[in-house]
Amino acid sequence: MWYWLVKYVFFGPLLALIGRPKVEGLENIPDEGAAILASNHLAVMDSFYLPLVVRRRITFLAKSEYFTGTGIKGWLTRAFYTAVGQVPIDRNDSDAAQAALTTAQRILAQGKLLGIYPEGTRSPDGRLYKGKTGLARLALHTGVPVIPVVMVGTNVVNPPGTKMLRFGRVTVRFGEPMDFSRFEGMADNRFIERAVTDEVIYELMRLSGQEYVDIYAASVKNGVPQQDGATGQPVARFPETAAG
């Protein structure tokens, strides 16, 4: 009940007013059954505009910090993220990857929609970064379709490093479902997992028009010197703009 109240009464109308969301390809979302929504990640508001435009409930795996705050603020934050369908994952735990996979499999086994950001964190500069293979591992283990999603303009409405919202125009674009059943039985092959992940990232690049950078976004945000896998050239460091 709280999910629908937050979406349609408390928060949704404000987001609709500020971002004037435009939706493309909504027919690619199934009316029922499990699916993975794999999205690029430009801003915190991605996790709110995406559920706003989809009638079905979407569950995201969120960082545990959203659920561990203390005092009234911590309680309100925890209640809010729970109400909007987010499930906590401790990314600092040594078994965080397996914990995330197990939780995601449980959600999909219940026939739900699961939202995932293959880049693993928000883009530090608006470009599209190398995807992590957890997406592929999940898709191959569960056999559910992957629906590519691109968010456009959320980083204008919610600029990185700020908590304020600004008026703008958000576009949410859904691609056609991607079927990886041809790789059945190869779920733990790291080369197959990389190929599947890259295929999804390529589709996100095609749908969004973003420039692709063949390194992990987290490494750039943490200031780790990297070379672009495509060009071999050093990649400039970018400051940490926001957690997540």
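**Group meeting talk: a sheet and its helices**

Let's start in the middle of the sheet: strands β2 and β5 run parallel and are joined by 4 bridges. Pairing here requires that DSSP finds at least two bridges between two strands. Helices (H or I, at least four residues) and strands (E, at least two) are DSSP runs, numbered from the N terminus. One of the β2–β5 bridges has L37 with G115 of β5 as its partner.

A word on the source: this is a predicted model, where local features need pLDDT of at least 70 and side-chain atom pairs count only at pLDDT 80 or more, while totals for chains, interfaces and linings use all residues. Residues are numbered from 1 along each chain as its sequence is written, and side-chain values use heavy atoms, with hydrogens and water left out.

Now for the whole chain. There are 9 helices and 11 strands. Of the 244 residues, 49% are buried, where buried means under 20% relative accessible area, exposed means over 50%, and partly exposed is in between (1.4 Å probe, protein chains only). The chain exposes about 12300 Å², and carbon and sulfur atoms supply 56% of that; these areas come from the Shrake-Rupley method with a 1.4 Å probe, and for residues only the protein chains shown count as cover. If you like contact statistics, take the contacts in the chain with a separation of 6 or more: residues 24 or more positions apart account for 74% of them. Contact means heavy atoms within 4.5 Å.

Back to the sheet. In what order do the 7 strands come? The order is β1-β8-β7-β2-β5-β3-β4, in an open sheet with mixed pairing. β1 (22-24) and β4 (86-89) stand at the edges with a single partner strand each, so each has one side without a neighbour in the sheet. On average, neighbouring strands are turned by 25 degrees against each other, direction ignored.

Let me walk you through some of the pairings. β1 and β8 run parallel, with 3 bridges between them, and K22 has T171 of β8 as its bridge partner. β7 and β8 run antiparallel and share 4 bridges. T171 turns up here too, as the β8 bridge partner of V152. β2 and β7 are parallel, again with 4 bridges, and I36 has V146 as its partner in β7. Further along, 3 bridges join β3 (residues 58-63) to β5 (residues 113-116), and these two run parallel. There, F60 has G115 of β5 as its bridge partner, and you'll remember G115 as the partner of L37 too.

So is β2 enclosed or open? 5 of its 5 residues are buried, so β2 is largely enclosed by the rest of the structure. Both of its faces are covered, with A35, L37 and S39 buried on one side and I36 and A38 on the other.

Part of what packs on the sheet is helix α8 (residues 190-208), which touches β2 (35-39), β7 (146-152) and β8 (171-174). The direction of α8 makes about 40 degrees with that of β7.

Just before β7 there are two residues I'd like you to look at. G143 lies in the loop between α6 (134-142) and β7, and V144 is found in that loop as well. Which of the two is buried and which is exposed? G143 is exposed, at 56% relative accessible area, while V144 counts as buried at 13%. Leaving out residues up to four places away in sequence, V144 touches A34, A35, I36, L108 and A139. G143 and F183 are 40 residues apart in sequence, with 9.5 Å between their C-alpha atoms.

Finally, a helix pair. Two packed helices are described by the angle between their axes and the distance between the axes. Here, the axes of α2 (residues 12-19) and α3 (residues 46-53) come within 10 Å and cross at roughly 100 degrees. The axes are lines fitted to C-alpha atoms, for helices over the stretch in contact, and angles run from 0 to 180 degrees between N-to-C directions. That makes α2 roughly perpendicular to α3, a label for angles of 65 to 115 degrees, with under 35 roughly parallel, over 145 roughly antiparallel and the rest oblique. G12, L15, A16, I18 and G19 of α2 make the contact with F48, Y49 and L52 of α3. As for cover, 8 of the 8 residues of α3 are buried, F48, Y49 and L52 among them.
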